[in-house]
Structure formats: C-alpha cells, structure tokens
Amino acid sequence: SMAKLGYTDIEDLGDGIKKFSLGRTYTKAEIRKLYKQVDDILDNIRTLAKVEKLYPKIYAQLIKIMPIYYSKVKKMDSNTRDLIGTRMWENIFRVDIIYHAIARGKVNSQTGLKEIIKYLDMVIDTDMVAANIGIWDPQTAVKMTKMVVELKELVVKEIKKETRN
C-alpha cells in the first residue's frame, strides 16, 4: 500500500480517498501534464476496447460513482455486503457494462439507456433500504442517492434528446 511506497503521513478522508504529502509542490502545468498522461492511457484502453465516449457527462458521472460505491460496499461487514452491498455493486456494474455495450455499438442506444434507468432505479431502491435500516447514516445516504439520481437525470436527458431527433 502507500506505506510500502514510503509514504508515512497518510490521512483517510473516507470513501477510499487518502490524503498525503507528495514531498514537493507541483505546478499547475505539471499537474495538467500528469492528468493528460492518465487521460491518454484511458483513451488507449477505450480504443483497444473500441469504446467511444458517446455521452461524456454520463460517462464522467459513472466514473465518479463507481469507486465510491465500490469503497462503500467493500467496507460493509460481510453479512451486510451479502444482503445488500453486492446488489448495489452489481447494479452499478451492470450500468457500466450496458454503457460500454452502447458505446461499442452492440446495443441500441435507446434500448440500452432505458435498461440503464432500470438498474439505476434498483440502486436507488437499495440506497433507500440502506438508509431505512441504518446501514448508512443520513448524510451518506443522501450523498450516495444524490449521485445516482444525478446520473439517472443525465440518462433521461439523453433519452429525450434522442427521441426528439
């Protein structure tokens, strides 16, 4: 982990986010260059997988949600994870699979986007269960559900836009 790489002063901010000193200050230009390197690597992966960013806003929101849900589910005790966490993660994962199937042209976009809505609704339902039975505190429940609702709204906008065209 981070300690093995020589980082000792590590602060856990939650949701799998760690804060630590890099040992030096980076300029904005250097940071932009590093982000560009990561983007180039991801672009290469997308090219290999023949995936287009058809819906950049949907893709960005999905990429934001996935690691947070993964982290939350991973931290659940094993019974909770078996009962509810796995369902949450599987539905998020299905959304990602369908998105990529649409992007590769394997699934009709209207059909795929409607299928994504179905799985997002299931995630929202499991978020409500997590809130109702106290798996998550109210703030976490709101944060998690809000992210999924925002993703659903982006998908609905795309469905409406494609229906008009």
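**Exercise 1. Determine which helices the buried residues of α4 pack against in this predicted model, and check the length of α4.**

Solution.
- Step 1. The buried residues of α4 pack against α2, α3 (78-103) and α5.
- Step 2. Buried here requires under 20% relative accessible area. In α4 the residues that are buried include Leu113, Ile116, Ile117, Leu120, Val123 and Ile124. Gln110, Gly112, Tyr119, Thr126, Asp127 and Ala130 of α4 are buried as well.
- Step 3. An α-helix has 3.6 residues a turn, so residues three or four places apart point the same way.
- Step 4. Helix α4 covers residues 109-132, which is 24 residues. The expected span counts 1.5 Å for one less than the number of residues. The result is 34 Å, and the end C-alpha atoms of α4 are 34 Å apart, so the two agree.

**Exercise 2. Classify the packing of α3 and α4 by angle, handedness and residue class.**

Solution.
- Step 1. The axes of α3 and α4 cross at roughly 165° and come within 9 Å.
- Step 2. An angle over 145 degrees counts as roughly antiparallel, and α3 is therefore roughly antiparallel to α4.
- Step 3. The crossing of α3 and α4 is left-handed.
- Step 4. The contact of α3 with α4 holds 15 nonpolar, 4 polar and 4 charged residues.

**Exercise 3. Do the analysis for α2 and α5, and name the residues that make the contact.**

Solution.
- Step 1. Helix α2 spans residues 56-75 and helix α5 spans residues 138-164. Their axes are 10 Å apart, at an angle of about 155°.
- Step 2. From this angle, α2 and α5 are roughly antiparallel to each other.
- Step 3. The handedness of the α2 and α5 crossing is left-handed.
- Step 4. On the α2 side, the contact is made by Lys57, Ile58, Gln61, Leu62, Lys64, Ile65, Ile68, Tyr69 and Lys72. On the α5 side, the residues include Met144, Met147, Val148, Leu151, Leu154 and Val155, along with Glu150 and Glu158.
- Step 5. By class, the contact of α2 with α5 contains 11 nonpolar, 3 polar and 5 charged residues.

**Exercise 4. Describe the positions of Asp12 and Ala60 and their exposure.**

Solution.
- Step 1. Asp12 belongs to strand β1, residues 10-14, while Ala60 sits in helix α2.
- Step 2. Partly exposed covers the range between 20% and 50% relative accessible area. Asp12, at 46%, therefore counts as partly exposed. Ala60 has a relative accessible area of 46%, so Ala60 is partly exposed.
- Step 3. Leaving aside neighbours within four places in sequence, Asp12 is in contact with Ile17 and Lys18.
- Step 4. Asp12 and Asp39 are 27 residues apart in sequence, and their C-alpha atoms are 25 Å apart. For Ala60 and Ser71, 11 residues apart along the chain, the C-alpha separation is 18 Å.

**Exercise 5. Summarise the protein as a whole: its elements, extent, burial and contacts.**

Solution.
- Step 1. The secondary structure consists of 5 helices and 2 strands. Along the sequence the pattern is β-β-α-α-α-α-α.
- Step 2. Taken along the principal axes, the C-alpha atoms fill a box of roughly 50 × 40 × 25 Å.
- Step 3. Of the 165 residues in the protein, 33% are buried.
- Step 4. Among contacts with a separation of 6 or more, 65% join residues 24 or more positions apart.

How values were computed
Residues numbered from 1 in each chain as written. Predicted model: local features only at pLDDT ≥ 70, side-chain atom pairs only at ≥ 80, totals over all residues. Heavy atoms only, no water. Axes fitted to C-alpha atoms, helices over the stretch in contact; angles between N-to-C directions. Helix = DSSP H or I, 4+ residues; strand = E, 2+ residues; numbered from the N terminus. Parallel < 35°, antiparallel > 145°, perpendicular 65-115°, else oblique. Left-handed = near helix turned anticlockwise from the far one by under 90°. Contact = heavy atoms within 4.5 Å. Nonpolar A, V, L, I, M, F, W, Y, C, P; charged D, E, K, R; others polar. Buried < 20%, exposed > 50% of the residue type's maximum accessible area, 1.4 Å probe, protein only.
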